[in-house]
Number of protein chains: 4
Amino acid sequence: MPSPSRTEPGRAPGAVEGARPPVPAAGVRAPRRRDPARTRQAILDAAEEEFSERGFLGGRVDAIAERTSITKRMIYYYFGDKQGLYLAALEQVYREMRQSERAVHLDDLEPVEALRTFVLSTIDFQEARPSFVRMVSFENTLGAENIAGIESLRELNAGLVDSVDRLLRRGRTAGVFRDGPDAPDALELHQLISSLAFYRVSNRATFREIFDHDMLDPVHGETFRRRAVALVLDHVLVPGAGRRP
Amino acid sequence: MPSPSRTEPGRAPGAVEGARPPVPAAGVRAPRRRDPARTRQAILDAAEEEFSERGFLGGRVDAIAERTSITKRMIYYYFGDKQGLYLAALEQVYREMRQSERAVHLDDLEPVEALRTFVLSTIDFQEARPSFVRMVSFENTLGAENIAGIESLRELNAGLVDSVDRLLRRGRTAGVFRDGPDAPDALELHQLISSLAFYRVSNRATFREIFDHDMLDPVHGETFRRRAVALVLDHVLVPGAGRRP
Amino acid sequence: MPSPSRTEPGRAPGAVEGARPPVPAAGVRAPRRRDPARTRQAILDAAEEEFSERGFLGGRVDAIAERTSITKRMIYYYFGDKQGLYLAALEQVYREMRQSERAVHLDDLEPVEALRTFVLSTIDFQEARPSFVRMVSFENTLGAENIAGIESLRELNAGLVDSVDRLLRRGRTAGVFRDGPDAPDALELHQLISSLAFYRVSNRATFREIFDHDMLDPVHGETFRRRAVALVLDHVLVPGAGRRP
Amino acid sequence: MPSPSRTEPGRAPGAVEGARPPVPAAGVRAPRRRDPARTRQAILDAAEEEFSERGFLGGRVDAIAERTSITKRMIYYYFGDKQGLYLAALEQVYREMRQSERAVHLDDLEPVEALRTFVLSTIDFQEARPSFVRMVSFENTLGAENIAGIESLRELNAGLVDSVDRLLRRGRTAGVFRDGPDAPDALELHQLISSLAFYRVSNRATFREIFDHDMLDPVHGETFRRRAVALVLDHVLVPGAGRRP
DNA sequence: TATGAATGAGTGTTCATTCAT
DNA sequence: CATGAATGAACACTCATTCAT
């Protein structure tokens, strides 16, 4: 299951667990009746798996029902239809990304260190959550029609760009980041870093098949990170400034 | 149609057309009977469209038949099954990429110019052939299982890496490219450039939806190209060498 | 319908019918919604008809759906695939045979009478259930690949041979059945009787076409039975023993 | 191929083979152009294989074309349609049986020996030509509709019954065969012997699967033949007469 | 809340057969 | 005589979705 530690929205965090209705017979494996929030979450996790593996068109509602041993009727009860379920899974995946980005407090770091941290955390997140990458890939192939329906997504990501923007300003003010028309803005910088981090995960399979080289092999991890950081810093820093010895 | 410039094998380029039975009205795209090469190619083009839009799982054989007004039976006659057709479309798309790369004779250019050309031609190709990008994306989401079945793909791409390798060697010999353990090898360089060029096309839809910024908008094209070239050159050149004034 | 006497598992034999929703007009054979056991059985009966008439390869799932006016989807819901349905029909037919054989308690009869009874009941069953004969014939032409998948079939039939074996032993002990290396064993005896009873049904059509003689015509029934019994008794009895006056 | 020794109707038996048109390039495997009779026969043999393995409904014209590497068009050219081809194959199989029966000159043997010979030759033929048995089985499951279309089949088989009839008369006249209302007539005798010989081949697969006993295993061949002969003689001979010591 | 049964429109694939050359 | 290309109807099987309980 993607992430067992996920908070379950339908249930109060401090709820007493002991007081639950008669526990189902031992040996029964899956979320058993009478815990709607858990049922909902189980469906959602299965949907994330299914859709991230096969896409919206390729994903099967039946397969999701089988993964959870929850009846299809429940899926429709909770999510309306296939698209509703897909959207919910997509949103869940994006929400996680946001949380991961919030966890990194760029504003608390001095500019160069903040930039370095931003690059590395982006790489780390994409690497850790390939199902995010796959769902985004699928969304793109279908023209991102579904993603448009997710409210709060824009502001969510606008927040990200804003924080990169603040980072860049601080760096320029401090005289360590280049300025002028040739210097990249926040969005361009995000695009650059995303390209590096995303492609590495999204194109892993074909790259490996064609070049016999697994971009995600831990063996290459350190080198890749170092190069990526160097590349971005070279691109942003004023020549000669602030590099590590 | 995906590639109007494709040579049609069943017909000599300069052949006289006048002697043939009444040519179908111009604009009618479906090939008419008794021209197997044309029939096959029409199916293939429609398949490329369909599969690049909806993926292997989402693509419908019926849709391909309707696009061409060729009976489904003929699709199976020529390509065996859905997977065979998909593979053929995938191969066609890859072959075009190779041809586009061959067209650029890196060996004939001096190293810095060659590198600049390589970056730009990669960007241009991905931009010009979004269906290539989409098919590769789909392949990756499915683990590139299909791509493994295409012979000649590895050597085809090995050729590409070889020519980049020669390029790097020449640059180092000439003293303009960095050397040593920190300098990227041919594969790493290819990965870098592909990331930039591929992501811009593959993630266009979500990027636009989230940031209101179309990475492929011609308005940004020149800037993007300039930045990408600068980025790569900065990464490869010895500091201070060979840059344009 | 193949076997009107079949017990319908989903309904208690003496259950009151009055409380149910308006019963469909008598004579309407298709079961109406919401009686799974009946639905399943209706499919199975139609499958037995279809497959016994046209074989596994020739039988059409669509035809079975039409015979019952149950949607194809339900057939797959209950039986998985065509082969699963075929196997279920085959098993049903074999189970009936077993029941018919169990109904004859050979152990309760004295040897000669038991043997006579065994011959006649075998003839009667094959004659009464031509679809059994046809399905077995089809199975044979396909190498009995399907039959191999039916568990319990062997033990089921092993039971038959065992009871014939007991019969033979009792007869030998009583001194009425021949003994020694030339006397047939239980399996040989079964083969002999089956040959006579089975061929008469399985080859009826060609025999009639070629010789203008219907082996199943009631006119010949009595003679055939008498001859078959005599033939078997002559083969098994010690000369001069136990024949009817 | 079923029977390479088959006479090819379209070609004179004594035709010189050396004078054939330029032999096709070495490596080309199958009957090559410009020998219509051979082409026809190749199709027929493949059809016999296909139909005897899968029946009329299950047999595929494509499969027959592939077996011979002759184009489907030729099949239609020679045989009209699938049914025409099936009939031709059926007729070929029956013709062989007739020839095999003609080869045994019952009239030249004394009655008991003739009867013994008849039983054994019937057993031998069925054993040697399982595709005959399978095609007859298939015909029966379909109600022998096709067989009705084969002219000369009745007289062909009438001849068989006549010769058995002559055999029985001779035996009765000689006082070795039983007479009276309880004695079997020619058709009954044919039915009996066919049952034994046919069932052994037709039901081999299910019998083996169910009882782990291969009725055609050479190990049991001698015993089966002895029993079959004894059974028939016991049924026909006057008690005590003419048996072997 | 939950379920198992049911549906109709598709979805990949194959069939026997025919056409133009 | 012979071929490869073409067809439309059927074929086994699956889809997302809904109903009765």
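Me: How much area do chain A and chain B bury between them?
Reply: About 4700 Å², with 61% of it on carbon and sulfur atoms. Keep in mind that this is a predicted model.

Me: Which residues in chain A lose the most area to chain B?
Reply: A:Gln191, A:Ile210 and A:Arg227. Together they make up 14% of what that side buries.

Me: How many residues does the contact take from each chain?
Reply: 56 residues from chain A and 56 residues from chain B.

Me: Do I get salt bridges? What is the count between chain A and chain B?
Reply: The count is 4 salt bridges. One of them joins the side chains of B:Glu188 and A:Arg227, at 2.6 Å from N to O.

Me: And how many residue pairs are in polar contact across the interface?
Reply: The rule finds 10, with both residues at pLDDT 80 or more.

Me: Which elements of chain A give two or more residues to the side that touches chain B?
Reply: Helices H1 (36-58), H6 (130-141), H7 (153-173), H8 (186-202), H9 (204-211) and H10 (218-236) of chain A. H8(A) gives the largest share, 12 residues.

Me: How do the residues on that side of chain A divide?
Reply: Into 25 nonpolar, 16 polar and 15 charged.

Me: Switching to symmetry. What turn lays chain A on chain B?
Reply: A turn of 180°, with a shift of 0.0 Å along the axis and an RMSD of 0.1 Å. The two copies are thus related as by a two-fold rotation axis.

Me: Through which surface do the copies meet?
Reply: The same one, because 100% of the interface residues of chain A are also interface residues in chain B.

Note on methods: Residues numbered from 1 in each chain as written. Chains lettered and ligands numbered in written order. Predicted model: local features only at pLDDT ≥ 70, side-chain atom pairs only at ≥ 80, totals over all residues. Heavy atoms only, no water. Least-squares fit on C-alpha atoms with pLDDT ≥ 70 in both. Contact = heavy atoms within 4.5 Å. Buried area = accessible area lost by both parts, 1.4 Å probe. Polar contact = N/O pair within 3.5 Å; in protein donor to acceptor, adjacent residues only side chain to side chain. Helix = DSSP H or I, 4+ residues; strand = E, 2+ residues; numbered from the N terminus. Nonpolar A, V, L, I, M, F, W, Y, C, P; charged D, E, K, R; others polar.
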